[in-house]
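This report walks through a protein model, from one pair of packed helices to a metal site and some individual residues. Please keep the sequence and the structure open while reading.

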Amino acid sequence: MVDFVKICDKWQKKWDKFNFFESKLDLKKKKYFLLAMFPYPSANGLHMGHARNYIICDVMARYKRMNGFNVLHPMGFDSFGLPAENAAIKEGIHPKKYTENSIKNFIKQQKSLGLSYDWSRSFATHKKEYYKWDQWIFLQFLKNDLAYRKKALVNYCPKCSTVLANEQVIQGKCWRHSDVNVEIKELEQWFFMTTKYAPELLRDIEKLDWPKTVKDMQRNWINESEGTLVNFRLKDSNETIQIFTTRPDTLFGVTFITFAPEHPKVMELVKGTEYESEVKKFVKKILIDEKYDREKNKEGMFIGKYAVNPITNEEVPIYIANFILLEYGTGIVMAVPAHDQRDYEFAKKYGIRIKQVIEGDIKCRAYEGEGKLINSGKFNGMDSLNAIDEITNYLEKNNLGKKTKQYKLRDWLISRQRYWGCPIPVIYCNKCGIVPVPEKDLPVALPEKVNFKKGNPLKTNKKFVNVKCPKCNSKARRETDTMDTFVDSSWYLMRYCDSKNNEKLFDKNRINYWMPVDLYIGGREHSTGHLIYFRFFTKAFRDLGLLDFDEPALKLYTQGDVNKNGIRMSKSKGNIVDPMDIIKEYGADSLRFYLMFVSSPDSVLEWDDSGIKSVCNLINKVYSMRKIKYESSQKDRIVQSKINSLIEKVTLNIENFEYSKALIEIMDFVNYLNKNGSLVSRDVFDDAYIKLLTMLNPFIPHITSELGCKKEWPKVDKKLINREVEFSEEFYDKIMLDIHEIIKLTKITPSRMKLFVSDSWKYDIFRKLKEESSRDISFLVKKYMIKEHSRELVSIINSVIKNPKKIPEVILSQEKEYRIINDNKSLIEKEFNAKVEVIKGNNEKAYPGKIAIILE
Ligand SMILES: [Zn+2]
Ligand SMILES: [Zn+2]
């Protein structure tokens, strides 16, 4: 066996020394920008899922480079985030140290996979040079009304005296204090106005070459619905609340109002009333204790307030209920128990009035269909579909509501009460209010010396908090919230285009040359998070004049999971295979080949320990083929044809992400050349071998480089492709295989054998069926009927429609097939030590490409 590990090491050192894959702006060259989602550098290092993801991307990067593209293939680190902070709290390691050690380890591991990154463009988001620009973007958003502050609910641990992330709440308790119940607190928080772009985000999904599942998830997430916004006045107040409904025709039947429990208005309404403490308890129960199954039992409570129905002037009580979601409409629902089943059940449970306004049976359940309006004043007798428009018109005329489109997509809450993130660049002054940090004062640096023991480390850091107001110079207070780390990842791909720029976010020419990303590879789990946020950023940047395109990534490819023993590899399941262990034993090329070979990149890969060893043998075969001795030039024509067919197929396979198909084709040829290499002249062999190595280069770059592959992707010479020549040989090989098979099965040692070539009419019918688009058997039988062969014809059509592979790729003629066998008759006789007779036709079991065999 060759020492693969040593070869990999040699080439990695070489690539590293010269930053071999550095890319430069070159307007004359066609660019190709591809990247795998950048990782969170965890202390565990990269796992098999990462490795697969990066290699899928790397194969394409190398392939595109070989095809003359100016390829940008960078890597960076999404290095702010909770795990580092948790480690700081639990183990006392500073997040910066934790993170930077992890990054070092990650880079080492990525290099050992032989990934062709342009390392000169690398960055990490926890560095000032990067997050300065997060802050700059925030200020631009603030200036342009894309960032604003409002109240929202958060999880709070009284013992830690800090806000908890959702991941830090475990079954209603604090992750650090399993005896402490998490509370719900209302805080002023920062939001980005993603909803401003909801219509465009929805519309432009059409433009994207993304997996259908991801596009559908985004459509559902944004979820546009047409309806009416109805204004309900609050009793004893001038304030109105707006309620979205798709059924304004039932407005006369509203008997109560329901708020989502976390709606910010709820706390405002009950403040200082006898209901306050009960409501707080209920909200906490729903949001923390029953977070994941809040709709299981319909539950709610009256909050002591009433609203006024704008069309009937009736007073209706206000409830909160667990099944009302903040994401729906305005987070408030006008309840019509007679015509909505959920409201019906709720009303029955809490004894609320049910008022029917559309004809239909409501004895046992709500009537949700259409019908004539009743109990609806001047709209009585009107058809409910018409009433939708008529009542909306009435509301519009009287300033009581309007027709509208609503989106489920909410504005993005970016405030995090965490330390290990990018500080929000805002100062609070008693006189001036919210004051943005002046751009010249950026970055607002994250202080390193902080206390992780109690509360929010930024809040307890006086040096950080206490500042002078930039406007009036009096005492002021710095914002202590940091940004959601998804802010960092919303524009990181753009930073790669100009990663060293300290003057600007990025240079417009550079961004317009490299972006949008041509191919983005990552996990489906980001469909409704990162993959929406980065689209929002791109559109906002466009409107800020920073760039000239609408979408960040034209093509998205989502890779499948890596499983072992049928379940996804994970630490908790104890079924991890560490890619580094594999590399150390078998070399990076073996791992790369294996991961790309055993399943297509988008489907689940089932890890098999023995598979890696057989992959090693395959690669070894490629390696040792150099030593072939030349005996004749008998197979020159076939090999020339085969290698050119192969280039054609493999090119197509890679373009379509059918990497495993490509490798299967390549290995078929390796086996062929290995067997027949001695029957090929030296020039033809060398040419085919080099082309073979070159095509293998994106998959196993180290060994193919060692063996002298070319830098350019091989071109197809169509003149040399002769499928008939290739097929004739395959036809003969198959006959030999079939005879061996039959002898094995029947255990006959034949002294004579009869070989039947198919009837001549069948070649004709096969050729026609090959071109046929219809799959309708009775239609085809009629169309191709030959009276004298009707029975056989029906059976041929039947079996070919069921299994189209029964038609060979190349259909020869009866004469050619006969000749191939007859020319090789003596070889066959010698092989089996039996007399051979070749016969044309007269056997029902013979088909084009498949002879019938009788042993005697
Ligand atoms: Zn706690
Ligand atoms: Zn001030």
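Helix 17 and helix 18 are oblique to each other, a term for angles that are neither under 35 degrees (roughly parallel), nor over 145 (roughly antiparallel), nor 65 to 115 (roughly perpendicular). Helix 17 covers residues 579–586 and helix 18 covers residues 588–597; they pack at an angle of about 120°, and their axes are 7 Å apart. The axes are lines fitted to C-alpha atoms, for helices over the stretch in contact, and angles run from 0 to 180 degrees between N-to-C directions. Helices (H or I, at least four residues) and strands (E, at least two) are DSSP runs, numbered from the N terminus.

From helix 17, P579, I582, I583 and Y586 take part in the contact, and from helix 18, A588, S590 and L591. Contact means heavy atoms within 4.5 Å. The residues of this contact comprise 6 nonpolar, 1 polar and no charged. Here Ala, Val, Leu, Ile, Met, Phe, Trp, Tyr, Cys and Pro count as nonpolar, Asp, Glu, Lys and Arg as charged, and the others, Gly among them, as polar.

The model is predicted: local features need pLDDT of at least 70 and side-chain atom pairs count only at pLDDT 80 or more, while totals for chains, interfaces and linings use all residues. Residues are numbered from 1 along each chain as its sequence is written, chains are lettered from A and ligands numbered from 1 in the order in which they are written, and side-chain values use heavy atoms, with hydrogens and water left out.

**The chain overall**

The chain has 29 helices and 29 strands. Its C-alpha atoms fill a box of roughly 110 × 70 × 55 Å along the principal axes. Of the 856 residues, 55% are buried, where buried means under 20% relative accessible area, exposed over 50%, and partly exposed in between (1.4 Å probe, protein chains only). Among contacts between residues at least 6 apart in sequence, 75% join residues at least 24 apart.

**The zinc site**

Which residues coordinate the zinc ion (ligand 2)? The donors are C429 (SG), C432 (SG), C469 (SG) and C472 (SG), at 2.2 to 2.4 Å. Donors are N, O and S atoms within 2.8 Å of the metal (3.2 Å for Na, K and Ca); water is not among the atoms, so sites may look incomplete. The angles among the 4 donor atoms of the zinc ion (ligand 2) are 106 to 113°, and the site is tetrahedral. Four donors count as tetrahedral if all angles lie between 85 and 135 degrees. The ideal angle for four tetrahedral donors is 109.5 degrees.

The spacing of the donor residues in sequence is C-x2-C-x36-C-x2-C. C429 lies in strand 17 (residues 426–429) and C472 in the loop between strand 19 (466–468) and strand 20 (475–478), so this pair ties together parts that are 43 residues apart in sequence. C429 is buried, at 6% relative accessible area, whereas C472 is partly exposed, at 30%.

**Individual residues**

Back in helix 18, Y594 is buried, at 1% relative accessibility. Leaving out residues up to four places away in sequence, Y594 touches L605, E606, W607, D608, G611, I612 and V615. The C-alpha atoms of Y594 and N512 are 37 Å apart, with the two positions 82 residues apart along the chain counted as their separation.

T404 is in strand 14 (residues 401–407) and is buried, at 18% relative accessibility. With the same sequence neighbours left out, up to four places away, T404 touches S225, E226, G227, T228, L229 and F244.

K768 belongs to helix 25 (residues 760–771) and is partly exposed, at 38% relative accessible area. K768 and Y784 are 16 residues apart in sequence, and their C-alpha atoms are 8.8 Å apart.

**Backbone features in loops**

Two cis peptide bonds and two positive phi values are listed below.

| Residues | Backbone feature | Loop location |
|---|---|---|
| L442 and P443 | cis peptide bond, omega about 0° | P443: between strand 18 (433–436) and helix 12 (462–465) |
| M515 and P516 | cis peptide bond, omega about -10° | P516: between helix 15 (508–514) and strand 22 (519–522) |
| N313 | positive phi, about 60° | between strand 11 (300–308) and strand 12 (315–321) |
| K747 | positive phi, near 60° | between helix 24 (723–746) and strand 27 (752–757) |

N313 is not a glycine and is exposed, at 60% relative accessibility. K747, likewise a residue other than glycine, is exposed, at 71% relative accessible area.

Key:
Tetrahedral: all angles 85-135°; square planar, octahedral: opposite > 155°, others 65-115°.
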